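Subject: Structure handover

Hello,

Here is the structure we talked about handing over. My notes on what was found in it follow below.

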There are 2 protein chains.
Amino acid sequence: MAVKGKRRGRPVSSQPGLSAERIIEQAHQLLLSEARVPSLRSLAAQLQVDVMALYHYFPNKAALLEALCCTLVSGVYQPEAGQDWRQELTRLSRSYLQLLADHSGLLQTLLSMTSAGPAQVFGERFEQALAPLALDSEQRQQALCLLVDYLHGFALALHAAPGALSLEDLDGPLGFYLDGLALRRAPS
Amino acid sequence: MAVKGKRRGRPVSSQPGLSAERIIEQAHQLLLSEARVPSLRSLAAQLQVDVMALYHYFPNKAALLEALCCTLVSGVYQPEAGQDWRQELTRLSRSYLQLLADHSGLLQTLLSMTSAGPAQVFGERFEQALAPLALDSEQRQQALCLLVDYLHGFALALHAAPGALSLEDLDGPLGFYLDGLALRRAPS
DNA sequence: TCAATAATTCTACATTGTAGAATTACCTTA
DNA sequence: TAAGGTAATTCTACAATGTAGAATTATTGA
């Protein structure tokens, strides 16, 4: 079914028309307003277009969601050099968790992307924020894994049991983590 | 549709018949063999029973999966008192992660259960393993959150990008975490 | 003996993602 | 300028899924 007996076939190209960008933007809005990944049908309905039109721009739903994920990197905090590393790492973590919480339906997609996604960017910026500590590369790697997977786990908990947990509950464990990092910088 | 024109209505009670236990056990086997949560139809097919028969034992699929989760607690390592806390915490974490990895389709269910599940049990046994450290309760709580959510995040990554990650990749970050804990026990 | 209740199958539906074909507009080249 | 190819769209259809509701048959308690 379509959007109400619209004329079939390619439309005249005067109107703005469909585009990958419009699709993604609309998907993003729906994701935020419904707080879950929209069905292709509801997405198509919002765009006043037949479902199958979406398939002209993306091979399948997963690809569409990946594309959406790629647009989210701007929400990841960019640490400033020269600032307190704890503060910068806290801001970075908060922004990333906020992003995950706002798009919790995308967690799976997020994690299955190997590059160019927010997870990747988080990793890069983590390194920047952590530079002042001058840890060796192995420790940095482990610290990153611990933090990023922790944040993913936190987001998952937030998603699975909403109400039982809130963003503020990040502070305690994050502080604990940061303390551990700090102790490591200055071995007695 | 059923299992091929089986006689309708309640069956004679000589045979073993269906039960919540049989359903859960079969679901568990399918979960392991297909490496994903089975559909109710495939589950019913294995049990040679109509799909709707399952609804006599569970109000819905989520409840069935929760019940399954409850049977998994036996897979969580029980720390022994008097042993090295690092070793015990490592064994505990490994066993829990293994459990999560073997049942990754259940992550969501796992986290939405408020009690009696493996997550709960992990928490309790974490406290036991950590007793020798004599941390104050706030630090214990933070340490637990950090670890458990980390493990959930790790399991999610394992699930979303299989092949990119393996269980051994736990060791680095876990060691990092344990070092942090150790530093905290003996403040200089 | 008979009514209630337990355990089951059958039919049906809404929702989802997606394949394949038909339709119409646009663009290039002869 | 006509024709053939390609781009962008709608339509129809299907399979998979969870689940509601009713029909059917056995068991049990009064």
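**Helix H8 of chain B**

The buried residues of H8(B) pack against helix H7 (137-160) and helix H8 (171-185) of chain A, and also against helix H4 (85-102), helix H6 (118-130) and helix H7 (137-160) of chain B; contact means heavy atoms within 4.5 Å. This is a predicted model, in which local features need pLDDT of at least 70 and side-chain atom pairs pLDDT 80 or more, while totals for chains, interfaces and linings use all residues. Residues are numbered from 1 along each chain as its sequence is written, chains are lettered from A and ligands numbered from 1 in the order written, and side-chain values use heavy atoms, without hydrogens or water.

Helices are DSSP runs (H or I, at least four residues), numbered from the N terminus. Among the buried residues (under 20% relative accessible area, 1.4 Å probe, protein chains only) of H8(B) are B:Phe176, B:Tyr177 and B:Arg184.

**Cavities**

A cavity is a set of points on a 1 Å grid over the protein atoms alone where a 1.4 Å probe fits but cannot get out; lining residues have an atom within 4 Å of a point. Volume is the space filled by probe spheres set on the points, which are joined across faces, edges and corners.

There are two cavities of 30 Å³ or more. The largest cavity has a volume of about 60 Å³, and its lining includes A:Phe176, A:Arg184, B:Phe176 and B:Arg184. H8 of chain A and H8 of chain B are the elements that give two or more residues to that lining.

The second largest cavity holds about 40 Å³. H3(B) gives the most to its lining, with three residues.

Regards

Technical notes:
Buried means under 20% relative accessible area, exposed over 50%, partly exposed in between (1.4 Å probe, protein chains only). On a 1 Å grid over the protein atoms alone, a cavity is a set of points where a 1.4 Å probe fits but cannot get out, and a pocket is an open set with protein on both sides within 12 Å along at least five of seven lines; lining residues have an atom within 4 Å of a point.
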